[in-house]
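I'm opening my notebook on this one and jotting things down as I look them up. Here is what I have on the bench today.

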Amino acid sequence: MSEHPDCALVRRGYTAFAAGDMNTLSELITADAVYHVPGDNILSGHHKGRDAILELFRRMGEETAGTMQIQLEAVLADGRGHVMSFHTARADRGDRGIEIRQGLFFRIVGGKVTDIDECVEDIEEENTFWR
């Protein structure tokens, strides 16, 4: 059984993120895409547009001195342009470290990501790490 194309798109994005491949990431999202980051920390908010999303990813790498690692656990599609992914994120930032389960909810239109909503296992732990 072959993987749904929307799942394959999300997996390709995870691979590009892990490699720091901003060119591939930019090809996978629309120019007006929005990434919603929950919480009350330096990354929280609505990152509107491809450039803002790529800047968010660059900042994650910069703030963690390149230590961020993502272990993808599952990718699920509904066949109607919605994909959920689940992963564990690990990173160090200064004297703090984090290992936390997260999920992303993607909206996909025309083979590109238009919207990403992030959910986290423990919002307070996430806030503490990124403050």
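**Entry 1: the largest pocket**

How many residues of each class, nonpolar, polar and charged, are in the lining of the largest pocket? I looked it up and got 8 nonpolar, 5 polar and 1 charged. Note to self before I go on: this is a predicted model.

I then checked the space in the largest pocket, and it comes to about 190 Å³. The lining has 14 residues, and those closest to the centre of the pocket are Phe17, Ala18, Gly20, Gly61 and Met68. I also asked where the lining comes from: α1, α2, α3 and β3 each supply at least two residues. Helix α3 gives the most, with 4 residues.

**Entry 2: helix α1**

Next I looked at α1, which runs over residues 5-19 and has 15 residues. From its first C-alpha to its last, α1 reaches 21 Å, close to the 21 Å expected at 1.5 Å a residue.

Which residues of α1 are buried? My list reads Asp6, Cys7, Leu9, Val10, Gly13, Tyr14 and Ala16. I wrote a textbook reminder beside it: an α-helix has 3.6 residues a turn, so residues three or four places apart point the same way.

I wanted to know what sits over those buried residues too. The cover includes α2 (22-28) and the strands β3 (69-77), β4 (82-93), β5 (96-109) and β6 (112-120).

Just after α1 comes Gly20, and its phi is positive, near 70 degrees. I had already met Gly20 in Entry 1, among the residues closest to the centre of the largest pocket.

**Entry 3: cavities**

Now for the enclosed spaces. How many cavities of 30 Å³ or more are there? The count is 2.

The largest cavity has a volume of about 360 Å³. It is lined by 25 residues, and the closest to its centre are Tyr14, Phe17, Tyr35, Phe57 and Leu104. Tyr14 was on my buried list for α1, and Phe17 was on my list for the pocket centre.

The elements that each supply at least two residues to this lining are α1, α2, β1 (29-37), α3 (50-63), β4, β5, β6 and α4 (123-130). Helix α1 gives the most to the lining of the largest cavity, with 5 residues. By class, I noted 20 nonpolar, 3 polar and 2 charged residues there.

The second largest cavity has a volume of about 40 Å³. I copied down its lining: Met68, Ala89, Arg90, Ala91, Ile98, Ile100, Gln102, Glu126, Phe129 and Trp130. The elements giving two or more residues to it are β4, β5 and α4. Its classes are 7 nonpolar, 1 polar and 2 charged. Met68 turns up here, and it is also one of the residues closest to the centre of the largest pocket.

**Entry 4: aromatic rings**

I searched for aromatic pairs and found 3 in the structure. One of them is Tyr35 with Phe57, which is edge-to-face, 5.8 Å centre to centre and 85 degrees between the planes. This pair links distant parts of the chain, with Tyr35 in strand β1 and Phe57 in helix α3, 22 residues apart. Are Tyr35 and Phe57 buried or exposed? Both are buried.

Another pair is Phe129 with Trp130, also edge-to-face, at 4.9 Å centre to centre and 85 degrees between the planes. Phe129 and Trp130 are buried as well, and they were on my list for the lining of the second largest cavity.

I also noted one aromatic cluster, made of Phe17, Tyr35 and Phe57. These names are among the residues closest to the centre of the largest cavity.

**Entry 5: two residues I stopped at**

Ala65 caught my eye: its phi is positive, about 50 degrees, although it is not a glycine. I found Ala65 in the loop between α3 and β3. Ala65 counts as exposed because its relative accessibility is 67%, and the cut-off for exposed is over 50%.

His36 lies in strand β1. Why does His36 count as buried? His36 counts as buried because its relative accessibility is 19%, and buried means under 20%. Leaving aside neighbours within four places in sequence, His36 is in contact with Gly45, His46, Asp115, Ile116, Asp117 and Glu118.

Note on methods
Residues are numbered from 1 along each chain as its sequence is written. This is a predicted model: local features need pLDDT of at least 70, side-chain atom pairs count only at pLDDT 80 or more; totals for chains, interfaces and linings use all residues. Side-chain values use heavy atoms; hydrogens and water are left out. The expected span of a helix is 1.5 Å times one less than its number of residues. Buried means under 20% relative accessible area, exposed over 50%, partly exposed in between (1.4 Å probe, protein chains only). Contact means heavy atoms within 4.5 Å. On a 1 Å grid over the protein atoms alone, a cavity is a set of points where a 1.4 Å probe fits but cannot get out, and a pocket is an open set with protein on both sides within 12 Å along at least five of seven lines; lining residues have an atom within 4 Å of a point. Grid points are joined across faces, edges and corners, and a volume is the space filled by probe spheres set on the points. Ala, Val, Leu, Ile, Met, Phe, Trp, Tyr, Cys and Pro count as nonpolar, Asp, Glu, Lys and Arg as charged, and the others, Gly among them, as polar. Rings of Phe, Tyr and Trp (its six-membered ring) pair if their centres lie within 6.5 Å; planes under 30 degrees apart count as stacked, over 60 as edge-to-face and the rest as tilted.
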